[in-house]
Amino acid sequence: MPIGAVTRGTTNTNRLRRVDRFIQTLPVLRRTPDPLVVDLGYGASGVTAFELQARLATVRPDVHVRGLEIAPERVATATAQLKDVRDGRTSFAPDASVDFAVGGFEVPLPGPASRRAAVIRAFNVLRQYDESEVPAAWALMRGRLQPGGMLVEGTCNEVGRVSSWVALDPEGPVSFSISLRLQGLEHPSIVAERLPKALIHRNVPGEPVHRLLADLDRFWQHNAALQTYGPVQRWLATVDSLGAAGWSIRTPRRRQRLGELTVPWAEVAPAS
Ligand SMILES: C[S@@+](CC[C@H](N)C(=O)[O-])C[C@H]1O[C@@H](n2cnc3c(N)ncnc32)[C@H](O)[C@@H]1O
């Protein structure tokens with residue numbers, strides 16, 4: 001039996017573009033001899049798995065994406081979509097290297113039992129679980145990674161404009177990222193509603209993630225005058241202010257411009 005529970009299958013075309021841009025930059029994707037990527041819990045349609053493959057193929061042309069779903073009827077739906085792709089009835093490449101199978105946090109993989117994934121993307125999956133279930137789910141998925149592989153687990157809103165995720169290697173959590181559409185952004189703490197399950201209940205005074213979101217809002221406000229030059233300039237100044245306040249910014253400038261911010265997990269990990 002796959003490990004986990006069937007949850008709502010909500011998904012959307014282009015919803016996961018922000019996290020996919022992050023995954024494109026992961027060193028393991030370029031270095032691995034076996035570019036096997038898992039989309040765990042792809043939902044009621046396989047569209048975000050096809051999109052993941054198309055985006056990652058731009059940096060690793062031989063990437064293969066395996067979509068896993070705990071709900072068998074969703075595997076049947078995605079397999080029918082795959083036939084449409086193969087028959088050239090969609091905008092995806094007919095030979096896109098994608099397949100779908102039933103599976104849960106145990107992450108069944110094609111090929112020999114020793115095979116491991118380079119990357120596992122689990123988006124909007126743990127959101128519907130209890131916080132107490134996160135460590136065990138993380139441990140199972142991390143155990144299915146290659147050396148240097150990454151699990152990217154997070155949450156976003158329905159249209160993908162507000163997004164956040166934790167990146168984990170086989171040993172444990174490494175970093176925390178947020179990615180926001182800057183156009184029309186009122187305050188960065190909007191991401192509070194879309195934090196990964198491990199952090200969403202920790203956005204309270206005394207917890208590091210609460211301090212991060214409070215600092216973000218404070219510096220966004222301080223830099224309001226820069227809005228004249230556009231929200232990107234205001235965001236870049238906000239990120240600089242965060243760095244000056246002691247946060248370790250891990251995001252290169254060109255990715256900051258996309259509204260992305262990554263800090264070490266150690267700086268936001270729950271206090272208790
Ligand atoms: C809200 S949808 C997310 C779809 C897509 N990843 C997205 O972000 O748009 C969550 C999906 O995860 C599936 N799911 C939940 N627990 C799972 C598990 N342990 N293993 C595989 N799939 C799971 C549910 O059946 C559901 O279809």
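**Notebook: salt bridges and sheet**

At 38% relative accessibility, R253 counts as partly exposed. I put R253 in that class because 38% falls between the 20% limit for buried and the 50% limit for exposed. I am working from a predicted model.

Next I looked up the partner of R253. The side chain of R253 meets that of D240 in a salt bridge, at 3.0 Å from N to O. This pair links distant parts of the chain, with D240 in helix α8 (residues 231–244), R253 in helix α9 (residues 253–256), and the two positions 13 residues apart. I find D240 partly exposed as well, at 41% relative accessible area.

Then I checked for shared partners. D20, D39, E51, R55 and R121 are joined into one network by salt bridges that share partners.

I went on to the whole structure. How many salt bridges does a search of it find? I get 17.

I picked out one pair from the network. R121 and D20 form a salt bridge through their side chains, 2.7 Å from N to O. R121 sits in strand β4 (residues 117–123) and D20 in helix α1 (residues 17–24), so I checked the separation in sequence: 101 residues, a link between distant parts of the chain. Are R121 and D20 buried or exposed? Both are buried.

I then turned to E131 and R202. Their side chains meet in a salt bridge at 2.9 Å, N to O. Again the link is between distant parts of the chain, 71 residues apart. E131 lies in the loop between β4 and α5 (134–142), and R202 in the loop between α6 (197–200) and α7 (208–222). The accessibility classes split here. R202 is buried at 18%, because the cut-off is under 20%. E131, at 23%, is partly exposed.

I moved to the sheet. In what order do the eight strands run? I read β3-β2-β1-β4-β5-β6-β7-β8, an open sheet with mixed pairing. β3 (98–102) and β8 (260–264) stand at the edges; each has a single partner strand, so one side of each lacks a neighbour in the sheet. Neighbouring strands are turned by 20° against each other on average, direction ignored.

I looked at the β8 edge. Strand β7 (residues 172–180) pairs with β8 in the antiparallel sense, over five bridges. There I find S175 opposite P264 in β8.

Last, I checked the β3 side. Helix α4 (residues 72–86) lies across β2 (64–69) and β3. I note its angle to β3 as about 165°.

How values were computed: Residues numbered from 1 in each chain as written. Predicted model: local features only at pLDDT ≥ 70, side-chain atom pairs only at ≥ 80, totals over all residues. Heavy atoms only, no water. Salt bridge = Lys/Arg side-chain N within 4 Å of Asp/Glu carboxyl O. Helix = DSSP H or I, 4+ residues; strand = E, 2+ residues; numbered from the N terminus. Buried < 20%, exposed > 50% of the residue type's maximum accessible area, 1.4 Å probe, protein only. Pairing = 2+ DSSP bridges. Axes fitted to C-alpha atoms, helices over the stretch in contact; angles between N-to-C directions. Contact = heavy atoms within 4.5 Å.
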